[in-house]
Amino acid sequence: MKICRYNDNRLGIIEGSDIVDVTPALELLPRHQYPLPVFDPLVADLGRVCRYIDEIKSRGARMPLEKAKLLSPVANPGKIIAAPVNYQKHLEEVLGDPNLHNDVRINHIQRAGLFLKAASSLVGAGEGVTLRMPERRNDHEVELAVVLGKTASRVHRSRALEYVAGYCVALDITIRGPEERSFRKSPDSYTVLGPWLTTADEVNDPDGLELQLYVNGQARQRANTRDLILDVPALIEFASSFYTLLPGDVIITGTPEGVGPIQAGDVLHASVQHLGAIEVKVDAPDSPTSSALPYP
C-alpha cells in the first residue's frame, strides 16, 4: 500500500494517478493526552489502519495526484537518523574535494557512526526547501529512507527487516562548512520525505533499488542501494545498538556520489525504484542571514 498525507493533513492512498481519501481511518488511532508520545501514532498502528483502509477505500473521494500538496508521510518521527558517507564512491568524492569536507576529518561510517537530524527539519515534497543560508554552499543528497514500524532495541541484522513499516524517497539538504553534520543538516525544510510511505510488503529487497536525482532536468546522482557500505539491515542493527528505535523513527541511509550545489529557483526531481518520485522546489529565505555569523 502507498499511504500519503496531503493538503490539510488528509490521509490518502495512491491508486494509479489518483489519491483516494481515506481520512476516516485516522479515527482508529487512540487519543493521547499530555505528555504526548515520542513516536508516530499512525505508524505504530499501521497494520490495523491498513486493514480498515481496505474496507473503506471504495467509498473514498478521488482527486488527481498532481493537484495535491504532498506532506511528509511520517508526521511525528521521534528521531531522524542519518548515515554519513555510506557509499564508497561518495566517500572517495568527499575525501577528494575540499569544498565537501572543509578540512573536517572524514571517517569511514563504521568509525564515524550515525548522526541525528532535527525532526523540525522534516517537510513533504509539496512544501519545498527554503535555503537557510543561500550565501553558503547548499547541496542536494538523494537517499533511501527506512521508516521503523515497531520498537527495536539491540536488533540483530538477521531480523532487522521485521521492524520496518515502509520506505520513502528522501532528500538530505546540507549546508557546507566546518560545523558538525547534524547542525548543518537540520535547518527547517532540510529533510524532505515522500512522496508517500510504501509499505514494506511491497519492497522485496531494499538493498537492490535504483535511485537518482535531477536538478532542473540535469542528471546529478544515480546509484543502487546494493552499493551501500552498511546495508539496510546493518544500519538498523547499528542504530538499535545505541538507541531504542520507535515507530515512525526514520533512518536515511546515505547518499551516493554526485552531490552538488543548489540555489533558489532550482527544481529537484528525486526517485527511488518502486517508491515513486518527488519534485521539490528550492526557494530563498524571506529575510537575509545575520552578517554576524562567524563563517562566510
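These exercises work through a predicted model of one protein chain.

**Exercise 1. Overall form**

Task: Find how many helices and strands the protein chain has, and decide how its radius of gyration compares with the globule rule.

Solution:
- Step 1. Count the elements. The chain has seven helices and 20 strands.
- Step 2. Take the radius of gyration. It is 19 Å, close to the 19 Å that the globule rule gives for 296 residues.
- Step 3. Conclude. The two values are close, so the chain is as compact as a globular protein of that length.
- Step 4. Add the box. Along the principal axes, the C-alpha atoms fill roughly 55 × 45 × 40 Å.

**Exercise 2. Inside and surface**

Task: State what percentage of the residues count as buried, and describe the contacts, the exposed area and the charges.

Solution:
- Step 1. Of the 296 residues, 53% count as buried.
- Step 2. Look at contacts with a separation of 6 or more. Residues 24 or more positions apart account for 77% of them.
- Step 3. Turn to the surface. The chain exposes about 13700 Å², and carbon and sulfur atoms supply 48% of that area.
- Step 4. Compare the charges. There are 31 positive and 38 negative ones, and their mean positions lie 3 Å apart.

**Exercise 3. An open sheet**

Task: Give the strand order of the five-stranded open sheet, then work out which strands stand at the edges.

Solution:
- Step 1. Write the order: β9-β20-β19-β15-β16, with mixed pairing.
- Step 2. Find the edges. β9 (129-130) and β16 (218-224) each have a single partner strand, so one side of each is left without a neighbour in the sheet.
- Step 3. Check the β9 end. Two bridges join β9 to β20 (residues 276-283), and these strands run parallel. V129 has V282 of β20 as its bridge partner.
- Step 4. Check the β16 end. β15 (residues 210-215) and β16 pair in the antiparallel sense over six bridges. Q212 is matched with R222 in β16.
- Step 5. Inspect the turn. The hairpin of β15 and β16 has two residues between the strands, and N216 takes a positive phi near 55 degrees.

**Exercise 4. One loop residue**

Task: Locate A75 and decide whether A75 is buried, partly exposed or exposed.

Solution:
- Step 1. A75 sits in the loop between β5 (70-71) and β6 (80-82).
- Step 2. Its relative accessible area is 38%. Buried needs under 20% and exposed needs over 50%. A75 is therefore partly exposed.
- Step 3. List the contacts. Leaving out residues up to four places away in sequence, A75 touches R5 and D40.
- Step 4. Take a distance. A75 and A119 are 44 residues apart along the chain, and their C-alpha atoms are separated by 9.5 Å.

Conventions
Residues are numbered from 1 along each chain as its sequence is written. This is a predicted model: local features need pLDDT of at least 70, side-chain atom pairs count only at pLDDT 80 or more; totals for chains, interfaces and linings use all residues. Side-chain values use heavy atoms; hydrogens and water are left out. Two strands pair if DSSP finds at least two bridges between them. Helices (H or I, at least four residues) and strands (E, at least two) are DSSP runs, numbered from the N terminus. The radius of gyration is taken over C-alpha atoms; the globule rule is 2.2 Å times the number of residues to the power 0.38. Buried means under 20% relative accessible area, exposed over 50%, partly exposed in between (1.4 Å probe, protein chains only). Contact means heavy atoms within 4.5 Å. Accessible areas come from the Shrake-Rupley method with a 1.4 Å probe; for residues, only the protein chains shown count as cover. Lys and Arg count as positive and Asp and Glu as negative; His and the chain ends are not counted. The place of a charge is taken as NZ of Lys, CZ of Arg, CG of Asp or CD of Glu.
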